[in-house]
Amino acid sequence: EDEARLAAAALAVEGDLPVVLQAPALPEAAAARIDVDFWTAAIGAKVCGTWLPNAPAAGLETGVHSHGDGLVYVHPFHDDEAGDKATLGLFLDRGGWKASADRLQLWDGVEHRAGATCPDGRVAQVRWWVDGVEQHGDPAAFLPRNGQVIVLSFDADPAAPGAPPQMAALYL
C-alpha cells in the first residue's frame with residue numbers, strides 16, 4: 001500500500017522530473033537471410049503522369065525476382081543475393097532494367113534521364129519514394145524490406161505520386 005501511494009504521488013507531480021527518459025534506439029533492420037526470410041515489397045513506376053503496368057516476371061530462378069504481379073520478392077538462395085546484396089538494383093538487373101539518381105530505364109523500354117521532357121514539354125526529374133517518404137541518392141542501392149511500397153518516378157509534377165496500383169498486391 002505504501003508503494004502504491006508513492007507511485008501515485010510521483011504521478012501527481014506537475015513539474016519536470018529530475019531525470020531524462022529516452023527510449024532506446026531501434027535495432028537496425030536485419031538483412032535478408034538465406035533460407036530464413038521471405039519478403040515482398042510493392043513496386044510501382046510513374047512516368048510523365050502515368051503508372052506503368054507491373055514489372056514483368058524476371059529472375060524467377062533466383063531469390064530476388066518478380067512474378068509480374070507488382071511485387072519485389074526477396075528470399076535469398078545464395079550469398080550473392082543475401083544481406084546487403086539484396087538491393088533494388090539487383091532486382092532491376094534481373095529484369096534488364098536500371099535506376100540511378102538521375103536515370104530510369106524500366107520495363108517501358110525507354111531511357112528516362114533527368115532534365116529530359118515529358119510529352120507535354122515540361123522538364124522531368126527522377127525521384128523515388130519508400131512508404132510515401134521521398135528518398136535521395138541512388139535507388140539501386142536501396143535494400144527492400146517486407147511490406148514496403150516503393151515508387152520510382154520520372155515526372156515534371158513536383159507533388160508526390162501517391163500510392164501505386166501495385167500496392168494492392170501486398171494484401172493478396
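Ala-45 of strand E1 stands opposite Leu-152 in strand E10. That pair is a handy way into E1, here in a predicted model.

E1 covers residues 39-47, and 9 of the 9 are buried, so the strand is largely enclosed by the rest of the structure. In a regular strand, side chains alternate between the two faces of the sheet. Both faces of E1 turn out to be covered: Trp-39, Ala-41, Ile-43, Ala-45 and Val-47 are buried on one side, while Thr-40, Ala-42, Gly-44 and Lys-46 are buried on the other.

Here is how E1 pairs up with other strands.

| Partner of E1 | Residues | Sense | Bridges |
|---|---|---|---|
| E2 | 50-51 | antiparallel | 2 bridges |
| E4 | 71-74 | antiparallel | 4 bridges |
| E10 | 149-155 | parallel | 6 bridges |

On the E4 side, Ala-41 sits opposite Val-72. With E2, E1 makes a hairpin that has 2 residues between the strands, and Cys-48 in that turn has a positive phi of about 50°. Lys-46 stands opposite Trp-51 of E2.

Lys-46 deserves a second look. What is the nearest side chain of opposite charge to Lys-46, and how many Å away is it? It's Asp-155, at 5.3 Å. A salt bridge needs the charged atoms within 4 Å, and Lys-46, though buried, has none. Leaving aside residues up to four places away in sequence, Lys-46 touches Trp-51, Leu-152, Ser-153, Phe-154 and Pro-161. So this lysine contacts Trp-51, the E2 residue it stands opposite, as well as Leu-152, the E10 residue that Ala-45 stands opposite.

Terms used. Residues are numbered from 1 along each chain as its sequence is written. This is a predicted model: local features need pLDDT of at least 70, side-chain atom pairs count only at pLDDT 80 or more; totals for chains, interfaces and linings use all residues. Side-chain values use heavy atoms; hydrogens and water are left out. Buried means under 20% relative accessible area, exposed over 50%, partly exposed in between (1.4 Å probe, protein chains only). Two strands pair if DSSP finds at least two bridges between them. Lys and Arg count as positive and Asp and Glu as negative; His and the chain ends are not counted. Contact means heavy atoms within 4.5 Å.
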